[in-house]
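Reader: I have a chain on the screen and do not know where to start. Please take me through how to read it, one feature at a time.

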Amino acid sequence: MSSKHFISLKVVLVLVVLAVVGFLYKDFRDFCNNSVPIFAYHRVENANDIYSVSPKDFDEQMAYLHTEGYRSMNLDEYAVARQKNEKLYKRMVLIFDDGYMDNLTNAAHIMQKYGYTGSIFLAVKFEGWPGYLDWDNDLKLLKYGWEIGSHTYNHKPLTKLTPKQVDYELIKSKEYVQGLYNPPSGPTLSYPTGACNKQVAKQVADAGYAAAVCGVVGVNTDKVPMQELRRVNAFHKKGNSLTYFKRHLLKAQLASWSLSHGIDFMGMWDKVRGNVR
Ligand SMILES: [Zn+2]
């Protein structure tokens, strides 16, 4: 082969690689824009544990999502959109587990600046405890346009309970939520500790819950079952909180995108990191 032919072969190879990379990048970007991340928070407060994001960091995260063009929707609105097969573009859900008072006093006010509302999931037994919301506070959040859902009654992982106990948790907490208001799509749920399996998910659907968020990391397309929705964990990290937040989103998007092409990115990631799930 002459050197001239060799050079042209190299040029063709480079062009092919660039075309493949370009195609994959566009495919990934489209996937990200059309899938729905559910960002899972607990406390929005200055406290030194992974479940507490400081108001300052939280504001930065909301500002970032706003700059990126994301609009929030409550989980029950997402359920309705899924029922209607609506195409969603740059939408996301902000969820808050357990029912902390700072969700009202800190998070809600920061989110208002960006036109965002959230979905809060009450562990009903904690209602009125110090640091937690009570009935009147719940009503205030509803006035702000928030959704109130169930995080069960006793906050126990449902996979560890008998089917009868699971029903008790689902029904008792649902009654509390329905005492506050009537969610248009039916009530929604966030699983305590994220624990879910097929049996529990079926009971959740049978109990009338329109949507439920489990602990699996990922973003949501119309292929994800409504009672096994994926989440993006928004944990606290000292220093560079926004970088950590962006990394969590990217990881969730990569996990779901690669799965949509039949590749278990999260499984591979865990093997490399030596994580056990
Ligand atoms: Zn919880």
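Author: Begin with burial over the whole chain: of its 277 residues, 39% count as buried. Keep in mind that this is a predicted model.

Reader: How many helices and strands does the chain have?

Author: The chain has 9 helices and 10 strands. Along the principal axes, its C-alpha atoms fill a box of roughly 80 × 40 × 40 Å.

Reader: What share of the contacts comes from residues 24 or more positions apart?

Author: Take the contacts with a separation of 6 or more: 67% of them join residues 24 or more positions apart in the chain.

Reader: Let me try a single residue. Where is Cys32 found, and is Cys32 buried or partly exposed?

Author: To judge burial, count C-beta neighbours; a residue is buried if 20 or more other C-beta atoms lie within 10 Å of its own. Cys32 belongs to helix α1, which covers residues 3-34. Cys32 has 19 C-beta neighbours inside 10 Å, so it counts as partly exposed.

Reader: How far apart in space are Cys32 and His109?

Author: Give both separations, one along the sequence and one in space. Cys32 and His109 are 77 residues apart in sequence, and from C-alpha to C-alpha they are 28 Å apart in space.

Reader: Now the strands. Why is strand β5 said to be largely enclosed?

Author: Apply the burial count to each residue of the strand. In β5, residues 91-98, 8 of the 8 residues are buried, so the rest of the structure largely encloses this strand.

Reader: Which strands are joined to β5 by bridges?

Author: For each pairing, look at the number of bridges and the direction. Strand β1, residues 38-41, is joined to β5 by 4 bridges, and the two run parallel. Within that pairing, Ala40 has Ile95 of β5 as its bridge partner. Strand β4, residues 71-72, also runs parallel to β5, with 2 bridges between them. There, Ser72 has Met92 of β5 as its bridge partner. Strand β6, residues 119-122, pairs with β5 in the parallel sense over 4 bridges. In this pairing Asp97 stands opposite Phe121 of β6.

Reader: What do β5, helix α4 and β6 make?

Author: Follow the chain from one strand, over the helix, to the other strand. Helix α4 covers residues 102-113, and β5, α4 and β6 make a β-α-β unit that is right-handed.

Reader: How is strand β9 placed, and which strands does β9 run parallel to?

Author: Use the reading applied to β5. Of the 7 residues of β9, residues 211-217, 5 are buried, so β9 is largely enclosed by the rest of the structure. Strand β8, residues 188-190, runs parallel to β9 and is joined to it by 3 bridges. Thr188 has Ala211 of β9 as its bridge partner. From β8 the chain goes through α7 to β9, a β-α-β crossover that is right-handed. Strand β10, residues 229-233, is parallel to β9 as well, with 2 bridges joining them. Here Val213 stands opposite Leu229 of β10.

Reader: On to helix packing. At what angle do helices α2 and α4 cross?

Author: Read the distance between axes, then the angle, then the hand. The axes of α2, residues 55-67, and α4 come within 10 Å and cross at roughly 30°. That angle makes α2 roughly parallel to α4. Their crossing is right-handed. The contact is made by Pro55, Phe58, Asp59 and Met62 of α2 with Asn106, Ala107, Ile110 and Met111 of α4.

Reader: And at what angle do α2 and helix α8 pack?

Author: Helix α8 covers residues 241-260, and α2 packs with it at an angle of about 50°, their axes 9 Å apart. That makes α2 oblique to α8. In this crossing, which is right-handed, α2 passes α8. Asp57, Glu60, Gln61 and Tyr64 of α2 make the contact with Ser241, Leu242 and Phe245 of α8.

Reader: One last pair: how do the axes of α6 and α7 cross?

Author: Helix α6 covers residues 163-180 and helix α7 residues 198-206; their axes come within 10 Å and cross at roughly 40°. That makes α6 oblique to α7. The contact involves Pro163, Val166, Asp167 and Leu170 of α6 and Val200, Gln203 and Val204 of α7.

Conventions: Residues are numbered from 1 along each chain as its sequence is written. This is a predicted model: local features need pLDDT of at least 70, side-chain atom pairs count only at pLDDT 80 or more; totals for chains, interfaces and linings use all residues. A residue is buried if 20 or more other C-beta atoms lie within 10 Å of its own, exposed if 12 or fewer, and partly exposed in between; C-beta atoms are placed from the backbone. Two strands pair if DSSP finds at least two bridges between them. A crossover is right-handed if, with the strands pointing away from the viewer, the path from the first strand over the helix to the second runs clockwise. Axes are lines fitted to C-alpha atoms, for helices over the stretch in contact, and angles run from 0 to 180 degrees between N-to-C directions. Angles under 35 degrees count as roughly parallel, over 145 as roughly antiparallel, 65 to 115 as roughly perpendicular and the rest as oblique. Two residues are in contact if their C-beta atoms, placed from the backbone, lie within 7 Å. A crossing is left-handed if the near helix is turned anticlockwise from the far one by less than a right angle, and right-handed if clockwise.
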